Amino acid sequence: MLDILLPILIFAALAVAAIGAWRRSRLWRQGRPARVDLIKGLASMPRRYLVDLHHVVERDKVMSHTHVATAGGFVAAALLMILVHGLGLAEGVLGWLLLLASTSMFVGSLFVARRRRNPPARLSRGPWMRLPKSLMAFSVSVFVITLPSVGLLPEGLLTGAAGTLFALILAALVTWGLAEMLVGMGWGGPMKHAFAGALHLAFHRRPERFSTRDGGEGRSTGLKALDLNDPDATLGVEKPSDFTWNQLLGFDACVQCGRCEAVCPAFAAGQPLNPKKLIQDMVVGLAGGSDAEYTGSPYPDRPVGEHHGTPHGPIVARDGKALVDSETLWSCTTCRACVEECPMMIEHVDAIVDMRRFLTLEQGETPGKGAEVLDNLIATDNPGGFDPGARMHWAADLELPLMSQRGEAEVLLWLGDGAYDMRNQRTLRAFIKVMRAAGVDFAVLGDEERDSGDVARRLGDEATFQSLARRNIATLSQYRFERIVTCDPHSFHVLGNEYTELGGDYHVSHHSTFIGELYDAGRLAFRPWKGGRVTYHDPCYLGRYNGEFEAPRHVLRALGIEVAEMQRSGFRSRCCGGGGGAPITDIPGKQRIPDMRMGDVQETGADMVAVGCPQCTAMLEGVVDSSADVRDIAELVADALVHETPIATGGASADAPSLAKEVA
């Protein structure tokens, strides 16, 4: 009986699955066009899945091994099942390999069942709770029906009344497994992520995120520019169909594991954002419907079941409910912790900024002080609305060399808008002291420097960002320099990663990287550290955005400091709450993000937290009940200098060699 039923079941399931896949792909194709290399993407998919994605999954060793056993066993079992039971090719080793694959899948399903017995809050429930049973049904039934094929059970076992009943039970289990494992991939259910996820990796909107063998550099964090000269171009995303089709595909790949939820600073602070829920809301909008069937953690203080949408309806409604509330989008600090943790490599931050762009550019709805800051940037080229001619007043006694007077220098020091902030002026003074001690040939733009545009871009004002960027690029094109150095990771990121698309290609360094190079070149010497216990806070735009985790720690070790690492450090560092315009939009929550971060500092017992970002400094120093001092790395280095080389002009001394030559 099974000899007749199995081929019918298998090929019927494949046919229904193919129809579901075609139907699902039509939903994705509602999005805007996007250029992808179909052949290269499909060819690269196995490596992206087995190497790049697995590197993220492997951070949780137990789940990594579970995934290998379950997913690997399923893929192998499904292919072998078609050959052995669909086409009748049971001779040789194929039947034995199918037994091995189904066994692997069953072992993996036991670990899935164990995890689902008392799942952590971040995991979605609902249909996902039946997944272990479906995995077991598929693996056990495939194993049993294969035993006669390899001679481990007599063929006559499935004859007679009892045998027929047993065969029907096996057929029912196979049908259950095929419905969940194959049909569910295209028609919805827990296994949908397997089909969408594989294609998402093939047609990812950031292929450069993948390994170098794939032609990428392994890190891609700069936002994509809008074509403001195209009258037909959409200014941001108003409705789900405004996303590109491969963005919609990426949303559909979400496995609802909740890793993004677990690391989101806004969610932890009780602000109305949960990145997993946001992605699922986009999936609801993709297919049409409401979020009533969502079974994961909701947005804090936002009920489930009241949000609904359609592919061509608004995501954020001005009156009444839509897919998401605007406060959800403005709660994001753009720290990319969600993106870094996502095992499906979904780009949450890109989507959020795309939706912000529509709210800002088309509707003029930027909350808090957002509108005021954007007006200031337009009027004065700085977010504080200060007199542009006052940018250098703080440095009147330093006699800093100006590019307009010199024309060239080894290093262009980018001051950033911290030049208007008294606290950050201390950091800049300290860094200038360090460079002069090392005999660095540097100069500044002075009043010619404008805001980098970072805040405008994160708030969704692409027009103001591009205006600032193009004018800065035009200014920089007048001068010759080997590199740009800045104390601000946000400027570092924008100048190095986001100006390139607009024609500005520069070698940009963070000041901690540059100080480390000066020390390694023997141009700096320090007194031994005699202070207290020190921890280090990784700025999001230096660490997760640009992969620079080691340089600041190298400098601290050079000072004789043994860093007391926080539990959340490195690529898993907790955001200070200062990025993405969050302090400007100021969406309330149950607690403040910087308060949580200073709590992390206190757990280390540190007397001081070293930082490398003016926003981080401002946010952490704003925590009123903290006993830990906040110092920029440049300040610690300046205080520890053994000697200084006073150079009144700020340029290099005649016998000071070029750093570029020393480190070459």
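Which residues are buried in helix H25 (residues 614–621)? They are Pro 614, Cys 616, Thr 617, Met 619 and Leu 620, where buried means under 20% relative accessible area, exposed over 50% and partly exposed in between (1.4 Å probe, protein chains only). Helices (H or I, at least four residues) and strands (E, at least two) are DSSP runs, numbered from the N terminus.

This is a predicted model, in which local features need pLDDT of at least 70 and side-chain atom pairs count only at pLDDT 80 or more, while totals for chains, interfaces and linings use all residues. Residues are numbered from 1 along each chain as its sequence is written, and side-chain values use heavy atoms, with hydrogens and water left out.

The buried residues of H25 pack against helix H17 (422–437), helix H20 (489–498), helix H23 (582–585), helix H24 (593–604), S8 and S9; contact means heavy atoms within 4.5 Å.

S8 and S9 also belong to an open sheet of three strands, ordered S7-S8-S9 with parallel pairing. Strand S7 (534–536) and strand S9 (629–632) stand at its edges with a single partner strand each, so one side of each is left without a neighbour in the sheet. From one strand to the next, the twist averages 30 degrees, with axes as lines fitted to C-alpha atoms and angles running from 0 to 180 degrees between N-to-C directions.

Strand S3 (residues 408–414) is largely enclosed by the rest of the structure, because six of its seven residues are buried. The table lists pairings of S3 and of S7; two strands pair if DSSP finds at least two bridges between them.

| Strands | Bridges and sense | Opposite residues |
|---|---|---|
| S3 and S5 (residues 480–486) | six bridges, parallel | Glu 408 and Arg 480 |
| S3 and S4 (residues 442–444) | three bridges, parallel | Val 411 and Phe 442 |
| S7 and S8 (residues 608–611) | three bridges, parallel | Val 534 and Met 608 |

Thr 360 lies in helix H14 (residues 348–362) and is buried, with a relative accessible area of 11%. Leaving aside residues up to four places away in sequence, Thr 360 touches Trp 330, Glu 365, Thr 366, Leu 374, Leu 459, Gly 460 and Asp 461. Thr 360 and Ala 371 are eleven residues apart in sequence and 8.7 Å apart in space, C-alpha to C-alpha.

Val 140, by contrast, is placed in helix H5 (residues 131–146) and counts as partly exposed, at 33% relative accessibility.
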